[in-house]
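This report is meant for a reader who is meeting the structure for the first time. It follows a few strands and their partners, moving from one chain to the other.

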Amino acid sequence: MCFKNLPIEFDAQGKASLKGGVANPYSTATAGPPNVPKQLTQEQAIELVKRNGHIKDVDFDPVTRVAGALAFHTVADVKERRVLEGRSVATLFRGYEVIMVGRDPRDAIYITSRACGVCGGVHSTCSALAIEMAIGCQPPPLGVLIRNLALSLEFLYDNPLHLHLLAGPDYSEAIVKGTNPALIERAKGTEAAHVDVHGFRTIHDLMVDLNPLSGGLYLEALHMTRVAREAYVLICGKYPHPQTIVPGGMSSTINLTVMNEMFVRMSQFFDYAKKMAGIWEDLTNFFYDANPEYKKVGARRANMIDTGIFDDADAYDTTYKNANVWGNRRWCTPGAIVEGKLVTTDLQTINIGIEEFIEHSYYEPWTGGGQQQHFPTDPAGHPLSPHHMWNKVTKPKPGAQNWKDKYTWDTAPRFDRLSMEAGCYARLWNTAVAKKMPDNPYITATGHSLKMRLPRGKLPETEIEWHVPDVWNAFERNRARAYCIGWTSLIALNTWTAAMERLKDGDTKTSTKFEIPKTGEQRGVGFWGAGRGYLTHHLVLDRGAVSNYQIVTPSTWNASPTDKWGQPGPYEEAVMNTPLLEESTDPEQFRGIDILRAIRSFDPCMPCTTHIQSEAGMITREVNTCACGLDE
Amino acid sequence: MSRTVIGGVGYRNLRDYSLGVVMSDELEPEARPPSLLVEDLCYGPVAVGQWFLDEARDAPITRAVFVTAVAREDGRPPGTISVYRWDHVLPSAEEIQRAMTDAVTGVILLDNTLIVTEWMKALPAEAVVVEVEPMEHAFGDAMSPAVAAAYPRACELVMRLAADPELSRLLPASPLGGCWAATVQPKVVW
């Protein structure tokens, strides 16, 4: 049974329908999902702060010089070393949904690309997929393969960037010596297990090379992002906002020269991936051994969602009707994981299980008041919530911040009314457990792990294996992200080989002509993914123009606020579970490194830049950036 | 042969904030000596630094004239043109890392571009900045009347400064943000 909270059941053929006898199946006036974490009420939080001097009301507030857009409010008990309340606040209205209404759908590829300054290609692609589905335009196989290659290269840019330019400094010698000096002493005496791969004899050596601006790993990551970007622009023209992604494929000209130049760059990631896996294995195990409490940093239920990515060129037909089939043939399997168990890999089931709520968001409701639900079902006839993206209408309503009422511009997406997190690790987990990925010589899903055979470079051919973890926390997010570099590079290798076979056969067609229908209403959805996980664009066309456009990004899920039932969003839950393991016992010296690690492990994107400040002016720290500020 | 680069910095389709890219688009097709490059530098500062390093392999680039719209929010009226020669003094390591973070996550801002390219040892020895105080921060291609009125003058200044090294050397060396932001130095407002 996939759904436990929504009244949806499936017949023997897998067709979903609403359970009989439920008067208002999508009502939010229910008790909500049982056995989920709950926020403190506002009254409880105020009372705690009033009674206890050691309980601090701490704000992580956006004060970035440029584009900060996420704040984080916590109530922290510094004496007990735990966080009592966490509130995630997206402080900017972005409004792509509003900008898109009335436009030619082809504009969406270029406009929505700007939703992210790191991963514009994924939005362009997701947009193209939504249009393809709406208008019925199938790309040729080489177009699908080249699209896969382009986006895998984007991830090879994104994941190293996060691990060593943004998150890595949190674990560097420069930072840790200020927050946990005892760990530095321990690191000096701890030998690194994977020295033969990464070359660092001790964990301290490794931590020194993680130092921002000067560390070897930092500088190497900077270089590797260039290598990936160079390969990407061979296909896409420019980075991050590509010019060659179109409905029906890619407008790039692909020939042997382009493929060879791409391979030269792509192949550099095989050795790098071996090194990254070793580094994050050693680093994670060091922290766990030093203090098992680190397993609680950023910990939350293993509830994850992903729509899969990288299509099988022979399976993808753009249709919603066959989405379960082509979705399950993807290199990264779609899936929803609840409490560590994979409950579905079907895109249609994932789609109908998602709703967006706005109880704590600066939007007006689009349901109720006698408003008729635009789409009662999906195109396959499955029931659809009035809170679903195809039914949603974006109605911004700015207002004052109030934890009890509205406090964020982010919405609260929920799957089966559960708070889910997104990340590249979600697709790693889905794929490892589902065992549905295409047969290939390099990657094997075992049901509990993913084995990756990385070809010989300067380092020998090496098999690395990511295991589904027993606990889910900040360290596991980073560890999994490190393995994703190897995984993505091998998907790229498989895809590159398939594309070369097509070229050898004289197949050079990368796109299919299309026309935008000028009559009637059409629906489409792009199921794709970003370097940091889940991505969907839901599109409705009316007489050739966009009448509704809804984007749900990984950060929409991860930064989501508490919902109507008191269930916190993923950042909020992860921070509330985080013990404060800094060595200082002085509340005035509270730095928040563990909270920073918790939030940063989600790879929050730039528009979600987060800073910390106390209302007493005590702390001002960034979250999604390096924690250099802790080293004052 | 040493070369000079005119670089436009900003965002496309962001009204006044597109001034840099509009200017580099407009100047790019103009006939000019081979020692003068016009480049759209409206992309990640790390990539801009790498571009400078790559270009320098062909022939040294000794001067750069950057043009951008930047809100200093310190009383400078919209449309004000400020010019300065950056003193190449980097901020603290913490600030550099913040600039790097912004840079790798997609933020395009001249201060970041200067900091990051200088940190990468990629920035030409002489870096002149022509900046215009913007007013409109919204989607669209039309500049506000104040910035549109300043545009031709800014364009002329950029070309003069690029063509005449002696003129730019008359400018005082200033910290980031220029004299406008540095209270110890006189304002240079055109």
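In this predicted model, a good place to begin is strand 5 of chain B, where B:Val128 is the bridge partner of B:Val65. Strand 5, which spans residues 126-132 of chain B, pairs with strand 3 of chain B in the parallel sense, and 7 bridges join the two. Strand 3 of chain B also pairs in the parallel sense with strand 1 (residues 3-9) of chain B, again over 7 bridges, and there B:Val67 of strand 3 stands opposite B:Gly8. Strand 3 itself, made up of residues 61-69 of chain B, is mostly covered, since 8 of its 9 residues are buried.

Chain A offers an antiparallel arrangement, in which 3 strands form an open sheet in the order 13-14-15. Strand 13 (443-445) and strand 15 (462-467) of chain A each have a single partner strand and therefore stand at the edges, with one side of each left without a neighbour in the sheet. On average, and with direction ignored, neighbouring strands of this sheet are turned by 15° against each other. Where strand 14 of chain A meets its neighbour, A:Leu450 is the bridge partner of A:Ala445. Helix 15 (residues 424-434) of chain A lies across strand 13, strand 14 and strand 15 of chain A, and runs at about 100° to strand 14 of chain A.

The strand pairings can be set side by side.

| Strand pair | Sense | Bridges |
|---|---|---|
| Strand 1 and strand 3, chain B | parallel | 7 bridges |
| Strand 3 and strand 5, chain B | parallel | 7 bridges |
| Strand 13 and strand 14 (residues 449-454), chain A | antiparallel | 3 bridges |

Technical notes
Residues are numbered from 1 along each chain as its sequence is written. Chains are lettered from A and ligands numbered from 1 in the order in which they are written. This is a predicted model: local features need pLDDT of at least 70, side-chain atom pairs count only at pLDDT 80 or more; totals for chains, interfaces and linings use all residues. Side-chain values use heavy atoms; hydrogens and water are left out. Two strands pair if DSSP finds at least two bridges between them. Helices (H or I, at least four residues) and strands (E, at least two) are DSSP runs, numbered from the N terminus. Axes are lines fitted to C-alpha atoms, for helices over the stretch in contact, and angles run from 0 to 180 degrees between N-to-C directions. Contact means heavy atoms within 4.5 Å. Buried means under 20% relative accessible area, exposed over 50%, partly exposed in between (1.4 Å probe, protein chains only).
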